[in-house]
Amino acid sequence: MRSKAHIKSHPIHPILVCFPLAFYIGTLVFDSLRIIKDDVAFGLTGQYLHSAGIIAAVCAAIPGIIDYTYTVPPKSSAKQRAATHGIVNTAVLLIFGIALYCKHIDHFPPYIVIGLEFIGVVLTCYAGWLGGTLVHKNQIGIDVRYASSGKWKEQYFETASGRLEVCAIDELQVDQMKLIHAKDKRIVVARTEQGFVAFDDRCSHKGGSLAGGAMICGTVQCPWHGSQFDVATGAVKAGPATGKIPTYLVTEGEGKVFLML
Ligand code: FES
(Lines give C-alpha, C1' and ligand atoms only; values in the text may rest on other atoms or scores of the structure.)
Protein backbone atom coordinates (compact mmCIF):
# COMPACT_ATOMS: atom_id res chain seq x y z
CA MET A 1 0.00 0.00 0.00
CA ARG A 2 1.33 3.36 -0.98
CA SER A 3 2.00 5.55 2.06
CA LYS A 4 -0.14 8.62 2.61
CA ALA A 5 2.79 10.46 4.20
CA HIS A 6 5.45 10.27 1.52
CA ILE A 7 7.89 12.28 -0.55
CA LYS A 8 7.82 11.15 -4.17
CA SER A 9 6.54 7.71 -3.11
CA HIS A 10 9.17 7.36 -0.35
CA PRO A 11 7.33 6.90 2.98
CA ILE A 12 8.48 9.43 5.59
CA HIS A 13 7.91 7.39 8.76
CA PRO A 14 10.60 4.73 8.08
CA ILE A 15 13.04 7.53 7.19
CA LEU A 16 12.53 9.26 10.55
CA VAL A 17 12.36 6.30 12.94
CA CYS A 18 16.11 5.66 12.83
CA PHE A 19 16.69 8.98 14.67
CA PRO A 20 14.83 8.28 17.94
CA LEU A 21 16.19 4.73 17.89
CA ALA A 22 19.79 5.97 17.62
CA PHE A 23 19.26 8.78 20.15
CA TYR A 24 17.58 6.49 22.71
CA ILE A 25 20.44 3.98 22.49
CA GLY A 26 22.98 6.83 22.63
CA THR A 27 21.29 8.17 25.76
CA LEU A 28 21.61 4.80 27.49
CA VAL A 29 25.26 4.41 26.42
CA PHE A 30 26.39 7.91 27.48
CA ASP A 31 24.44 7.89 30.76
CA SER A 32 26.06 4.53 31.56
CA LEU A 33 29.52 5.92 30.70
CA ARG A 34 28.79 8.87 32.97
CA ILE A 35 28.56 6.43 35.89
CA ILE A 36 31.34 4.06 34.82
CA LYS A 37 33.87 6.81 34.00
CA ASP A 38 32.54 9.34 36.51
CA ASP A 39 32.84 12.03 33.86
CA VAL A 40 30.13 14.71 33.62
CA ALA A 41 30.91 15.26 29.91
CA PHE A 42 29.34 11.88 29.15
CA GLY A 43 26.31 12.84 31.22
CA LEU A 44 25.95 16.11 29.30
CA THR A 45 26.06 14.25 25.97
CA GLY A 46 23.47 11.82 27.31
CA GLN A 47 21.30 14.77 28.28
CA TYR A 48 21.38 16.22 24.75
CA LEU A 49 20.72 12.82 23.18
CA HIS A 50 17.84 12.28 25.61
CA SER A 51 16.06 15.48 24.56
CA ALA A 52 16.84 14.84 20.89
CA GLY A 53 15.39 11.32 21.16
CA ILE A 54 12.09 12.58 22.55
CA ILE A 55 11.79 15.33 19.92
CA ALA A 56 12.71 12.91 17.11
CA ALA A 57 10.18 10.35 18.38
CA VAL A 58 7.37 12.93 18.29
CA CYS A 59 8.40 13.98 14.74
CA ALA A 60 8.49 10.34 13.57
CA ALA A 61 5.11 9.65 15.16
CA ILE A 62 3.29 12.21 12.98
CA PRO A 63 3.69 10.41 9.61
CA GLY A 64 3.28 7.12 11.49
CA ILE A 65 -0.16 8.18 12.75
CA ILE A 66 -1.09 9.33 9.22
CA ASP A 67 -0.10 5.93 7.80
CA TYR A 68 -1.89 4.09 10.62
CA THR A 69 -5.08 6.04 9.89
CA TYR A 70 -5.07 6.14 6.11
CA THR A 71 -2.66 3.50 4.75
CA VAL A 72 -2.94 0.36 6.88
CA PRO A 73 -6.00 -1.61 5.68
CA PRO A 74 -8.84 -1.50 8.23
CA LYS A 75 -9.98 -4.70 9.96
CA SER A 76 -6.76 -6.47 9.01
CA SER A 77 -4.00 -8.28 10.88
CA ALA A 78 -1.70 -5.37 9.98
CA LYS A 79 -4.05 -2.90 11.71
CA GLN A 80 -3.66 -4.81 15.00
CA ARG A 81 0.11 -5.03 14.51
CA ALA A 82 0.30 -1.29 13.75
CA ALA A 83 -1.78 -0.49 16.84
CA THR A 84 0.61 -2.51 19.02
CA HIS A 85 3.56 -0.79 17.32
CA GLY A 86 2.08 2.62 18.16
CA ILE A 87 1.21 1.71 21.77
CA VAL A 88 4.71 0.34 22.45
CA ASN A 89 6.33 3.45 20.94
CA THR A 90 4.07 5.69 23.04
CA ALA A 91 5.10 3.72 26.14
CA VAL A 92 8.77 4.22 25.19
CA LEU A 93 8.19 7.95 24.80
CA LEU A 94 6.60 8.09 28.26
CA ILE A 95 9.44 6.06 29.81
CA PHE A 96 12.11 8.35 28.35
CA GLY A 97 10.03 11.39 29.36
CA ILE A 98 9.88 10.13 32.95
CA ALA A 99 13.61 9.31 32.90
CA LEU A 100 14.37 12.86 31.70
CA TYR A 101 12.24 14.30 34.48
CA CYS A 102 13.97 12.10 37.06
CA LYS A 103 17.38 13.38 35.92
CA HIS A 104 16.38 16.84 37.13
CA ILE A 105 15.45 15.66 40.61
CA ASP A 106 18.29 16.29 43.07
CA HIS A 107 20.06 13.13 44.27
CA PHE A 108 17.76 10.87 42.27
CA PRO A 109 19.49 7.45 41.98
CA PRO A 110 21.08 7.34 38.48
CA TYR A 111 20.72 3.56 38.35
CA ILE A 112 16.93 3.92 38.25
CA VAL A 113 17.27 6.32 35.30
CA ILE A 114 19.56 3.84 33.55
CA GLY A 115 17.06 1.05 34.28
CA LEU A 116 14.22 3.07 32.76
CA GLU A 117 16.32 3.84 29.70
CA PHE A 118 17.26 0.17 29.32
CA ILE A 119 13.57 -0.85 29.42
CA GLY A 120 12.83 1.90 26.88
CA VAL A 121 15.56 0.67 24.51
CA VAL A 122 14.36 -2.95 24.73
CA LEU A 123 10.79 -1.86 24.02
CA THR A 124 11.83 0.39 21.14
CA CYS A 125 13.66 -2.58 19.56
CA TYR A 126 10.46 -4.61 19.85
CA ALA A 127 8.49 -1.73 18.27
CA GLY A 128 11.08 -1.58 15.48
CA TRP A 129 10.67 -5.30 14.87
CA LEU A 130 6.91 -4.80 14.54
CA GLY A 131 7.51 -1.86 12.21
CA GLY A 132 9.81 -3.96 10.06
CA THR A 133 7.12 -6.65 9.82
CA LEU A 134 4.61 -4.01 8.74
CA VAL A 135 6.89 -2.90 5.91
CA HIS A 136 8.44 -6.16 4.73
CA LYS A 137 5.53 -8.54 5.31
CA ASN A 138 2.43 -6.37 5.16
CA GLN A 139 3.99 -4.04 2.56
CA ILE A 140 2.72 -0.90 4.30
CA GLY A 141 4.30 2.03 2.51
CA ILE A 142 5.49 -0.11 -0.39
CA ASP A 143 4.13 1.00 -3.74
CA VAL A 144 3.93 -2.34 -5.57
CA ARG A 145 3.63 -1.83 -9.31
CA TYR A 146 3.21 -4.52 -11.94
CA ALA A 147 3.32 -4.39 -15.72
CA SER A 148 -0.08 -2.82 -16.47
CA SER A 149 -0.77 -1.21 -13.13
CA GLY A 150 -0.11 2.36 -14.21
CA LYS A 151 0.10 5.09 -11.58
CA TRP A 152 -1.54 4.58 -8.19
CA LYS A 153 -5.12 5.90 -8.31
CA GLU A 154 -7.35 6.68 -5.37
CA GLN A 155 -10.49 8.79 -4.84
CA TYR A 156 -12.63 9.73 -1.84
CA PHE A 157 -16.40 10.13 -1.68
CA GLU A 158 -18.48 11.47 1.21
CA THR A 159 -21.28 8.99 0.61
CA ALA A 160 -21.45 5.19 0.51
CA SER A 161 -24.74 4.91 -1.34
CA GLY A 162 -26.22 5.75 -4.72
CA ARG A 163 -24.47 6.16 -8.06
CA LEU A 164 -20.87 7.31 -7.80
CA GLU A 165 -18.97 8.59 -10.82
CA VAL A 166 -15.64 6.89 -10.19
CA CYS A 167 -13.66 7.55 -13.38
CA ALA A 168 -13.74 8.32 -17.06
CA ILE A 169 -13.77 5.24 -19.31
CA ASP A 170 -10.32 6.02 -20.67
CA GLU A 171 -8.84 6.75 -17.22
CA LEU A 172 -8.03 3.09 -16.57
CA GLN A 173 -6.16 0.75 -18.88
CA VAL A 174 -6.93 -2.98 -19.00
CA ASP A 175 -5.61 -4.62 -15.79
CA GLN A 176 -5.45 -1.28 -13.97
CA MET A 177 -7.15 -0.69 -10.61
CA LYS A 178 -8.37 2.36 -8.72
CA LEU A 179 -9.12 2.44 -4.98
CA ILE A 180 -12.39 4.14 -4.05
CA HIS A 181 -13.11 5.30 -0.50
CA ALA A 182 -16.88 5.62 -0.22
CA LYS A 183 -17.25 6.94 3.34
CA ASP A 184 -15.79 4.05 5.36
CA LYS A 185 -16.00 1.48 2.52
CA ARG A 186 -12.94 0.64 0.42
CA ILE A 187 -13.81 -0.63 -3.03
CA VAL A 188 -11.57 -1.37 -6.00
CA VAL A 189 -12.76 -0.37 -9.45
CA ALA A 190 -10.82 -2.16 -12.16
CA ARG A 191 -10.81 -2.55 -15.91
CA THR A 192 -10.64 -6.02 -17.41
CA GLU A 193 -10.72 -7.13 -21.04
CA GLN A 194 -14.45 -7.77 -20.55
CA GLY A 195 -15.18 -4.35 -19.04
CA PHE A 196 -15.22 -2.60 -15.68
CA VAL A 197 -15.66 -4.45 -12.38
CA ALA A 198 -15.74 -3.48 -8.71
CA PHE A 199 -14.88 -5.55 -5.66
CA ASP A 200 -14.06 -5.16 -1.97
CA ASP A 201 -10.53 -3.96 -1.25
CA ARG A 202 -10.38 -6.36 1.71
CA CYS A 203 -8.92 -9.84 1.19
CA SER A 204 -11.12 -12.40 2.96
CA HIS A 205 -8.05 -14.11 4.47
CA LYS A 206 -6.48 -11.53 6.82
CA GLY A 207 -7.64 -8.24 5.35
CA GLY A 208 -4.84 -7.43 2.90
CA SER A 209 -5.54 -4.57 0.52
CA LEU A 210 -6.27 -5.98 -2.93
CA ALA A 211 -5.68 -2.55 -4.50
CA GLY A 212 -2.08 -2.99 -3.36
CA GLY A 213 -1.87 -6.35 -5.12
CA ALA A 214 -1.73 -7.27 -8.80
CA MET A 215 -4.56 -7.82 -11.27
CA ILE A 216 -4.07 -9.74 -14.48
CA CYS A 217 -6.56 -11.50 -16.80
CA GLY A 218 -9.55 -10.95 -14.50
CA THR A 219 -7.78 -12.26 -11.41
CA VAL A 220 -6.54 -10.17 -8.51
CA GLN A 221 -3.81 -11.48 -6.23
CA CYS A 222 -3.51 -10.37 -2.61
CA PRO A 223 -0.04 -9.02 -1.80
CA TRP A 224 0.13 -10.60 1.67
CA HIS A 225 -0.21 -14.37 1.19
CA GLY A 226 -1.04 -14.70 -2.48
CA SER A 227 -4.76 -15.54 -2.43
CA GLN A 228 -6.38 -15.03 -5.82
CA PHE A 229 -9.94 -13.93 -6.59
CA ASP A 230 -12.07 -13.71 -9.72
CA VAL A 231 -12.72 -9.97 -9.97
CA ALA A 232 -16.09 -10.45 -11.73
CA THR A 233 -17.65 -12.88 -9.25
CA GLY A 234 -15.44 -12.50 -6.16
CA ALA A 235 -14.89 -16.29 -6.09
CA VAL A 236 -11.65 -17.67 -4.64
CA LYS A 237 -9.31 -19.01 -7.33
CA ALA A 238 -6.42 -19.81 -4.99
CA GLY A 239 -6.02 -19.84 -1.20
CA PRO A 240 -5.20 -19.50 1.60
CA ALA A 241 -8.42 -17.42 1.52
CA THR A 242 -11.56 -19.55 1.55
CA GLY A 243 -14.33 -16.94 1.45
CA LYS A 244 -15.30 -14.97 -1.65
CA ILE A 245 -15.02 -11.20 -1.71
CA PRO A 246 -18.07 -8.98 -2.26
CA THR A 247 -18.45 -7.49 -5.73
CA TYR A 248 -20.44 -4.43 -6.85
CA LEU A 249 -22.41 -3.35 -9.88
CA VAL A 250 -20.62 -1.04 -12.31
CA THR A 251 -22.25 0.75 -15.23
CA GLU A 252 -20.90 2.85 -18.08
CA GLY A 253 -22.45 5.85 -19.79
CA GLU A 254 -21.50 9.15 -21.41
CA GLY A 255 -17.83 8.15 -21.35
CA LYS A 256 -17.92 7.65 -17.59
CA VAL A 257 -17.89 4.71 -15.16
CA PHE A 258 -20.40 4.57 -12.30
CA LEU A 259 -20.24 2.47 -9.16
CA MET A 260 -23.68 1.49 -7.85
CA LEU A 261 -23.88 1.23 -4.05
S1 FES B 1 -4.48 -11.47 3.64
FE2 FES B 1 -3.65 -13.43 3.42
S3 FES B 1 -3.91 -13.83 1.30
FE4 FES B 1 -4.78 -11.90 1.58
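**Exercise 1. Overall dimensions**

What radius of gyration does the protein chain have, and what value would a compact globule of 261 residues have?

*Solution.* The model is a predicted one, and its protein chain has a radius of gyration of 24 Å, whereas a compact globule of 261 residues would have one near 18 Å. As a next step, consider the box filled by the C-alpha atoms, which along the principal axes comes to roughly 75 × 35 × 30 Å. The protein chain contains 5 helices and 13 strands, and buried residues account for 41% of its 261 residues.

**Exercise 2. The open sheet**

Determine the strand order of the open sheet of 7 strands, and then find its edges.

*Solution.* Reading across the sheet, the order is β3-β5-β6-β7-β12-β13-β4, and the pairing is mixed. The strands that pair on one side only are β3 (154-157) and β4 (163-168), and these are therefore the edge strands. Neighbouring strands of this sheet are turned against each other by 30° on average, with direction ignored. To see both kinds of pairing, compare two places: β3 and β5 run parallel and are joined by 4 bridges, while β12 (residues 247-253) and β13 (residues 256-260) run antiparallel and are joined by 5 bridges. Within the latter pair, leucine 249 has methionine 260 of β13 as its bridge partner.

**Exercise 3. Strand β5 and its surroundings**

How many residues of strand β5 (residues 177-182) are buried, and which way do they point?

*Solution.* In β5, 6 of its 6 residues are buried. Met177, Leu179 and His181 point one way, and Lys178, Ile180 and Ala182 point the other way. On the side of β3, glutamate 154 stands opposite leucine 179 of β5. On the side of β6 (residues 185-192), the pairing with β5 is antiparallel and extends over 6 bridges, with histidine 181 standing opposite arginine 186 in β6. The two strands β5 and β6 form a hairpin with 2 residues between them, and lysine 183 in the turn has a positive phi of about 55°.

**Exercise 4. Charged pairs**

Classify the partners of three salt bridges as buried or partly exposed, given that buried means under 20% relative accessible area.

*Solution.* Side chains of opposite charge can pair when their charged atoms come close. The structure holds 7 salt bridges, and three of them are worked through here.

1. Lysine 178 meets glutamate 171 at 3.0 Å, N to O. Lysine 178 has a relative accessible area of 4% and is therefore buried, whereas glutamate 171, at 25%, is partly exposed.
2. Aspartate 201 pairs with arginine 186, with the closest N and O atoms 3.0 Å apart. Because aspartate 201 lies in the loop between β7 (195-200) and β8 (214-216) and arginine 186 in strand β6, the pair ties together parts that are 15 residues apart in sequence. Both of these residues are buried.
3. Lysine 103 pairs with glutamate 117, with the closest N and O atoms 3.6 Å apart. This pair links helix α4 (residues 77-103) to helix α5 (residues 110-136), across 14 residues. Lysine 103 is partly exposed at 25%, but glutamate 117 is buried at 0%. Both belong to a network of salt bridges that also includes Asp31.

**Exercise 5. A nonpolar patch**

Which residues make up the nonpolar surface patch of about 470 Å², and which helix contributes the largest share?

*Solution.* The patch is made by Val58, Ile62, Ile66, Tyr70 and Tyr156. Helix α3 (residues 40-70) supplies the largest share, with 4 residues. Valine 58, which is found in helix α3, has a relative accessible area of 42% and so counts as partly exposed.

Definitions and conventions
Residues are numbered from 1 along each chain as its sequence is written. This is a predicted model: local features need pLDDT of at least 70, side-chain atom pairs count only at pLDDT 80 or more; totals for chains, interfaces and linings use all residues. Side-chain values use heavy atoms; hydrogens and water are left out. Axes are lines fitted to C-alpha atoms, for helices over the stretch in contact, and angles run from 0 to 180 degrees between N-to-C directions. Patches are made of residues with over 30% relative accessible area and no salt bridge: like charges are joined within 9 Å, nonpolar side chains (Val, Leu, Ile, Met, Phe, Trp, Tyr) within 5 Å. Accessible areas come from the Shrake-Rupley method with a 1.4 Å probe; for residues, only the protein chains shown count as cover. A salt bridge is a side-chain nitrogen of Lys or Arg within 4 Å of a carboxyl oxygen of Asp or Glu. Buried means under 20% relative accessible area, exposed over 50%, partly exposed in between (1.4 Å probe, protein chains only). The radius of gyration is taken over C-alpha atoms; the globule rule is 2.2 Å times the number of residues to the power 0.38.
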